[in-house]
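Here's a quick tour of a model and its metal sites. Have the coordinates open while you read.

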Amino acid sequence: MIKDTLLNLLAIPGPTGSESACADWIEKEIAPYVDETRRDTMGNLICVKHGNGKGKKIMLSAHMDEIGFIVTGIEDEGFLRVMPLGGVRFDQVIACHVVLKSGAQGVVFFEGGHAPGTPLNAARLFIDIGASSKEEAQQKAAIGDWAVVRPQVSDMGKRVASPYMDDRSGCAVLLETMKQVKNSDNEIYAVFSTQEEVGLRGARTAAYAIQPDMGIALDVTLSNDYPMNKKGVTPSKLGGGAAIKVMDSSVIAHPAVKSAMEEAAKKAGVPYQFEVLTGGGTDAGAIHLTGGGVPSGTLSVPCRYVHAPCEMVDISDLEACVGLLVALL
Ligand code: CO
Ligand code: ZN
């Protein structure tokens with residue numbers, strides 16, 4: 001069940017640059033379904049399913065990393081100074097519970113955070129780990145350690161909210177797809193990539209090494225179908241099916257890849273929709289600019305509240321993505 005896979009993935013902390021625990025879990029799960037697995041210098045997990053020599057080399061990429069914090073200083077009073085890792089939205093992490101690399105727990109707050117109108121920014125950000133001195137804090141944290149919002153899931157049945165839907169949803173889709181694909185002509189490279197949130201870095205080197213004939217990123221896209229939002233900002237709808245990307249700020253989807261995905265959705269009989277993301281990118285942004293260029297696109301899971309600790313997806317959309325991909329491959 002893809003929901004179980006997703007829930008397992010959501011429980012593993014994996015901030016940008018520290019994805020190995022997540023890679024370990026995926027590698028164990030995927031091993032029986034692929035011919036080869038390997039890690040590269042960037043920490044990408046690359047899983048290969050050989051074709052029969054008649055097909056194409058297809059790279060699928062879902063990023064393992066999640067946004068978080070990195071410890072930059074420890075104050076005499078025991079507070080941790082931190083910098084964001086990736087696109088942390090300050091108004092949505094104030095008062096959140098976090099877990100650190102050491103396993104220590106803490107909360108996020110901002111200098112002057114109680115005063116109305118106080119700007120929330122990186123310079124004012126700190127984490128309180130309950131230490132009353134620098135020495136005490138140093139038992140639990142060191143400069144360079146990471147912190148992430150504590151994994152916490154609201155399971156509403158067909159919909160689930162949790163931090164890290166971006167992009168553990170894509171990882172779950174990719175893992176389930178590889179379990180289901182049988183006898184494909186194509187040489188399939190399932191890449192669980194690193195450091196997407198700081199600029200699509202893992203996918204860049206993976207694509208360079210693989211030199212695929214086609215690239216597809218699997219990621220979330222904004223689903224702004226909640227109250228008080230202007231209609232028409234983005235057409236992606238929660239529960240509306242697999243979302244085939246038209247464009248975002250990193251890529252304009254290649255027409256051949258877009259139509260291959262649309263044909264596959266029809267063939268599989270799964271619901272689909274087209275989406276445009278006005279800000280943000282995906283691994284396809286790196287893949288398509290590799291070598292002499294790679295026809296690339298993105299298959300998205302619609303997600304509400306992206307980069308907030310309550311990212312929400314609809315399990316039926318993940319299932320639609322798997323159905324589409326299995327038909328495509
Ligand atoms: Co993201
Ligand atoms: Zn993402």
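## What counts as irregular

Four donors pass as tetrahedral if all angles lie between 85 and 135 degrees, and as square planar if opposite donors are over 155 degrees apart and all others between 65 and 115; anything else is irregular. Keep in mind that this is a predicted model.

## The zinc site

With that yardstick, take the zinc ion (ligand 2): the angles among its 4 donor atoms run from 52 to 148°, and the site is irregular. Those donors are His63 (NE2), Asp166 (OD) and two OD entries from Asp219, at 1.9 to 2.6 Å from the ion.

Along the chain, the zinc donors follow the pattern H-x102-D-x52-D. The Asp166 and Asp219 pair ties together distant parts of the chain, with Asp166 in helix α5, Asp219 in strand β13 (residues 214-222), and their positions 53 residues apart. Asp219 has a relative accessible area of 4%, so it goes down as buried.

## The cobalt site

What coordinates the cobalt ion (ligand 1)? Asp166 (OD), Glu197 (OE, listed twice) and His307 (NE2) do the job, at 1.8 to 2.6 Å. This site is irregular too, because its 4 donor atoms subtend angles of 55 to 151°.

The sequence spacing here reads D-x30-E-x109-H. Once more the pair links distant parts of the chain: Asp166 sits in helix α5 (residues 165-180), while Glu197, 31 residues apart from it, is in the loop between β12 (187-193) and α6 (201-210).

## The shared aspartate

Which residue bridges the two metals? That's Asp166, and the cobalt ion (ligand 1) and the zinc ion (ligand 2) lie 3.4 Å apart.

Is this bridging residue buried or exposed? Asp166 comes in at 7% relative accessibility, so it counts as buried. Glu197 is buried as well.

## Helix α6, just past the loop

The loop holding Glu197 leads to α6, so it's worth a look at how that helix sits, because its buried residues fall within an arc of 120° seen down the axis and line one face. Those residues are Gly202, Ala203, Ala206, Ala207 and Ile210. An α-helix has 3.6 residues a turn, so residues three or four places apart point the same way.

The buried residues of α6 pack against β2 (45-49), β3 (57-63), β12 and α8 (284-287). On the face turned away from the buried side you'll find the exposed Tyr208 and Ala209. After the helix comes Gln211, with a positive phi near 50°.

Note on methods: Residues are numbered from 1 along each chain as its sequence is written. Chains are lettered from A and ligands numbered from 1 in the order in which they are written. This is a predicted model: local features need pLDDT of at least 70, side-chain atom pairs count only at pLDDT 80 or more; totals for chains, interfaces and linings use all residues. Side-chain values use heavy atoms; hydrogens and water are left out. Donors are N, O and S atoms within 2.8 Å of the metal (3.2 Å for Na, K and Ca); water is not among the atoms, so sites may look incomplete. Four donors count as tetrahedral if all angles lie between 85 and 135 degrees; four count as square planar and six as octahedral if opposite donors are over 155 degrees apart and all others between 65 and 115; anything else is irregular. Helices (H or I, at least four residues) and strands (E, at least two) are DSSP runs, numbered from the N terminus. Buried means under 20% relative accessible area, exposed over 50%, partly exposed in between (1.4 Å probe, protein chains only). The arc is that of the directions from the helix axis to the C-beta atoms. Contact means heavy atoms within 4.5 Å.
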